Amino acid sequence: MADLSLRKVKKVYDNTVVAVQAFDLEIADKEFIVLVGPSGCGKSTTLRMVAGLEEITEGEIYIGGRKVNTVPPKDRDIAMVFQNYALYPHMTVYDNIAYGLKLRKFPKRVIDQKVREAAEILDISELLKRKPKALSGGQRQRVAIGRAIVREPQVFLMDEPLSNLDAKLRNQMRSEIIKLRQKVNTTFIYVTHDQTEAMTLGDRIVIMREGFVQQVGTPQEVFHHPANLFVAGFIGTPQMNIFDAQLVREGETYFVEAGNARVKLSPEKTARLLSADVDSQPVKLGLRPEHLTLTEEENAISATVDVSEMMGSAVHIHVNACGQDVVVVVPLGEEEEDGSLPMGKPVRLTFRGSAAHVFDVETGHNLEYPQPKEQIAEPPAEEPESPETPAQEPEPPAEPQPEPVPEPQPPAPPYPAGLDSTEKIIAETVAEAMNDPFTE
Ligand code: ADP
């Protein structure tokens, strides 16, 4: 259990690549923080700096009030679960979980107790005698988590731990992590590119882009009050629709105009725009697909149906409106089996003033929440990498294979005595793949 503090943290690789900058975050004891953003935005680098696996170029990191900038990983009292979890193939589940504790010379009785407790938490007590090859991908990942749990770390770091699993297992393991979090009372920092994982797991989410933090908030805050166009597009699925529109201020009232629609903004939005003294101007208008409705009214955005996607409980209707592809989510009632509309059908769309998000055309920032300019990497792209699309095909779980080793290797990481030469090669390869610097 520990709080963490990251202060003006910056990472520059090779004096050239600025991977992370101006990273400021206070993490409370036992908080579950998710770092999320597209590939290359600096999530892993941030996590690895907390772990001590990367040097910090500038700034400070504190764990439990202690500055750890120069503290080696094994002395930071943290545990980390990587994307490419690797288990020792020749050891049972029990021994895999116990391994780190054995190296640290814990008494046998204590090891046994910790391993059994971890197995209980992860629901793998039945599997303790099996070897990794007799486990499913999800079970192997639980063993990898078990190995981290037995350390009883102050901080639990997880770097895309589910991205090697197929979609069904990922969903299942996501709920397992929610349960794990309730049983293991510690601070978590979790890295993912998947906004659904971020929304479901995080107490707070840190959305990153090109090395900069874009917004920090609860899932509700980042969904309902996105700081800028980038966050608006990244969080929520299907993605928020963005229209070219006009914000009109009439005294103390605001309207947005898009297509033939003119909609008065809600009192809450009006109050925030007034306090930021926002004037009439062209804006990017953000409307979530589930907040658009089909209407017969004249005061509406005219559109033409392209495609209807039946999703079971709702239909996603793709329409062409104001010259662009717009998605409308139409929920289906119990009796309705098919809400699809024929291609080419003219429709009209409306929305409520509480659902409209107005963004600055130049900077992309949310006009309700004036934002310091330095927090925005660049004018945000209108189409961030779709969070729906997996970054890549899931690779098979990293069950490490022995590599032929032609030359004698540098000093090997510790492995149990009594292995034959093939097993030693496996152990070395695995230890490298595990990249487990938290074990002495
Ligand atoms: P993410 O985890 O969000 O995908 P990373 O933290 O891995 O992003 O990378 C952030 C940036 O730093 C990227 O531009 C990446 O290419 C670069 N980077 C990461 N590791 C190294 C490294 N060891 N050397 C040089 N550049 C790196």
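Which hand does the crossing of α2 and α3 have, left or right? In this model, which is predicted, the crossing of α2 and α3 is right-handed. The protein has ten helices and 20 strands, and this briefing walks through two of the helix pairs, one buried threonine and a few backbone oddities.

**The protein overall**

- Of the 440 residues in the protein, 51% are buried.
- Take the contacts between residues at least 6 apart in sequence: 68% of them link residues at least 24 apart.
- About 20800 Å² of the protein is exposed, with carbon and sulfur atoms supplying 49% of that area.

**Helices α2 and α3**

- A quick reminder before the numbers: a pair of packed helices is described by the angle between the axes and the distance between them.
- Here, α2 covers residues 93-103 and α3 covers residues 108-122; they pack at about 135°, and their axes are 10 Å apart.
- That angle makes α2 oblique to α3, because the label "roughly antiparallel" is kept for angles over 145 degrees.
- On the α2 side, the residues that meet α3 are Y94, I97, A98, L101 and K102. Their partners in α3 are I111, D112, K114, V115 and R116.
- Sorted by class, the contact of α2 with α3 has six nonpolar residues and four charged ones, with no polar residues.

**Helices α4 and α5**

- The second pair brings together α4 (residues 137-149) and α5, whose axes come within 10 Å and cross at roughly 25°.
- So α4 counts as roughly parallel to α5, since the cut-off for that label is an angle under 35 degrees.
- The crossing of α4 and α5 is right-handed.
- From α4, the contact draws on G137, G138, Q141, R142, I145 and I149, while α5 puts in L169, Q172, M173, E176 and L180.
- The mix in the contact of α4 with α5 is five nonpolar, four polar and two charged residues.

**T46 in helix α1**

- If you're scrolling through α1 (residues 43-51), stop at T46, which sits in that helix.
- T46 has a relative accessibility of 2%, so it counts as buried.
- Who does T46 touch, once neighbours within four places in sequence are left aside? The contacts of T46 are then L6, V20, F23, L35 and M208.

**Backbone oddities**

- For context, most peptide bonds are trans, and most residues other than glycine have a negative phi.
- The peptide bond between T237 and P238 is cis, with omega at about -5°. You'll find P238 in the loop between α8 (229-234) and β11 (241-250).
- E160 isn't a glycine, yet its phi is positive, at about 45°. Look for E160 in the loop that runs between β7 (155-159) and α5 (167-183).
- Is E160 buried or exposed? Its relative accessibility is 11%, so E160 counts as buried.
- C322 isn't a glycine either, and its phi is positive at about 50°. C322 is in the loop between β17 (314-321) and β18 (324-331).
- With a relative accessibility of 43%, C322 counts as partly exposed, because that class lies between the cut-offs of 20% for buried and 50% for exposed.

Conventions
Residues are numbered from 1 along each chain as its sequence is written. This is a predicted model: local features need pLDDT of at least 70, side-chain atom pairs count only at pLDDT 80 or more; totals for chains, interfaces and linings use all residues. Side-chain values use heavy atoms; hydrogens and water are left out. Axes are lines fitted to C-alpha atoms, for helices over the stretch in contact, and angles run from 0 to 180 degrees between N-to-C directions. Helices (H or I, at least four residues) and strands (E, at least two) are DSSP runs, numbered from the N terminus. Angles under 35 degrees count as roughly parallel, over 145 as roughly antiparallel, 65 to 115 as roughly perpendicular and the rest as oblique. A crossing is left-handed if the near helix is turned anticlockwise from the far one by less than a right angle, and right-handed if clockwise. Contact means heavy atoms within 4.5 Å. Ala, Val, Leu, Ile, Met, Phe, Trp, Tyr, Cys and Pro count as nonpolar, Asp, Glu, Lys and Arg as charged, and the others, Gly among them, as polar. Buried means under 20% relative accessible area, exposed over 50%, partly exposed in between (1.4 Å probe, protein chains only). Accessible areas come from the Shrake-Rupley method with a 1.4 Å probe; for residues, only the protein chains shown count as cover.
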